[in-house]
Amino acid sequence: MSAVADTLTHWFNFPENIEKLMFPSRTHESRDHENKGCSSIPADILDTPKEFIFYLDVPGLSKSDIQVTVEDENTLVIKSGGKRKREEVEEGGCKYIRLERKAPQKLMRKFRLPENANVSAITAKCENGVLTVVVEKLPPPPKPKTVEVAIA
């Protein structure tokens, strides 16, 4: 019975499934060889009436280390070849006892944007270790107007 319940929960988890359809991450696709050796960037995506807002954790990276581009007309690509800089020990006789904060060499994340995303109006800012990318939405297409014609 547990397998049936798990299957039903999986099938009817609409918000999660809709998000995966609209914003699938292509980082883990095996056919995408350029991602080899890259770490994934954790992300939150907010869908507002006028825009999509992506929040990505990029601790220790400056805005000059991060690249935000659009590929294939609808794929948002966020990557960094930079690495987090460690504080240099200038005093003699000082050394690190423990290094737990890993400094990734490369970060990358790809998102397929929906059709109503305006790829010409994308902004990004990096503050306090969080990259915020805003993708404006295109206005909805005008509704077809129905004109009733009188028959003579």
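**Exercise 1. Which backbone oxygen does the side chain of Lys137 reach, and at what distance?**

Solution. This is a predicted model.

Step 1. Locate the residue. Lys137 lies in strand E7, which covers residues 130–137.

Step 2. Follow the side chain. It reaches the backbone oxygen of Thr48, at 2.7 Å.

Step 3. List the surroundings. Neighbours within four places in sequence are left aside here. Lys137 is then in contact with Asp47, Thr48, Pro49, Lys50, Glu51, Phe52, Asn116 and Asn118.

Step 4. Judge the exposure. The relative accessible area of Lys137 is 18%. Buried means under 20%, so Lys137 counts as buried.

**Exercise 2. Find the salt bridges and say which strands they link.**

Solution.

Step 1. Recall the principle. Side chains of opposite charge can pair when their charged atoms come close.

Step 2. Count. The structure holds 2 salt bridges.

Step 3. Take the pair with Lys137. Its side chain meets that of Asp47 in a salt bridge, 2.5 Å from N to O. The two residues are 90 residues apart: Lys137 sits in strand E7, Asp47 in strand E1 (residues 43–47). Asp47 is partly exposed, with a relative accessible area of 41%.

Step 4. Take the other pair. Lys110 forms a salt bridge with Glu71, and the closest N and O atoms are 3.6 Å apart. Lys110 belongs to strand E5 (residues 107–112) and Glu71 to strand E3 (residues 66–71), so the bridge ties together parts 39 residues apart in sequence.

Step 5. Check exposure again. Lys110 is buried, at 2% relative accessible area. Glu71 is partly exposed, at 25%.

**Exercise 3. Describe the largest nonpolar core and the contacts of Leu131.**

Solution.

Step 1. Start from the general rule. In soluble globular proteins, nonpolar side chains tend to be buried together.

Step 2. Size the core. The largest nonpolar core has 16 residues. Phe54, Leu56, Leu76, Ile78, Leu131, Val133 and Val135 touch the most other members.

Step 3. Trace the sources. Strands E2 (51–57), E4 (75–80), E5 and E7 each supply at least two residues of this core.

Step 4. Zoom in on Leu131. Leaving aside neighbours within four places in sequence, Leu131 is in contact with ten named residues below:
- Phe54, Tyr55, Leu56 and Val58
- Ile66, Val68 and Ile78
- Ala124, Lys125 and Cys126

**Exercise 4. How many disulfides are there?**

Solution.

Step 1. Recall the bond. A disulfide is a covalent bond between the sulfur atoms of two cysteines.

Step 2. Apply the cut-off. Two cysteine sulfur atoms must lie within 2.5 Å. The count comes to 0 disulfides.

Step 3. Look at exposure. Cys94 is partly exposed at 41% relative accessibility. Cys126 is partly exposed at 22%.

Technical notes:
Residues are numbered from 1 along each chain as its sequence is written. This is a predicted model: local features need pLDDT of at least 70, side-chain atom pairs count only at pLDDT 80 or more; totals for chains, interfaces and linings use all residues. Side-chain values use heavy atoms; hydrogens and water are left out. A salt bridge is a side-chain nitrogen of Lys or Arg within 4 Å of a carboxyl oxygen of Asp or Glu. Helices (H or I, at least four residues) and strands (E, at least two) are DSSP runs, numbered from the N terminus. Buried means under 20% relative accessible area, exposed over 50%, partly exposed in between (1.4 Å probe, protein chains only). A nonpolar core is a set of buried Ala, Val, Leu, Ile, Met, Phe, Trp, Tyr and Cys residues joined through side-chain atoms within 4.5 Å. Contact means heavy atoms within 4.5 Å. A polar contact is a pair of N or O atoms within 3.5 Å; within protein, one must be able to donate a hydrogen and the other to accept it, and residues adjacent in sequence count only if both atoms are side-chain atoms.
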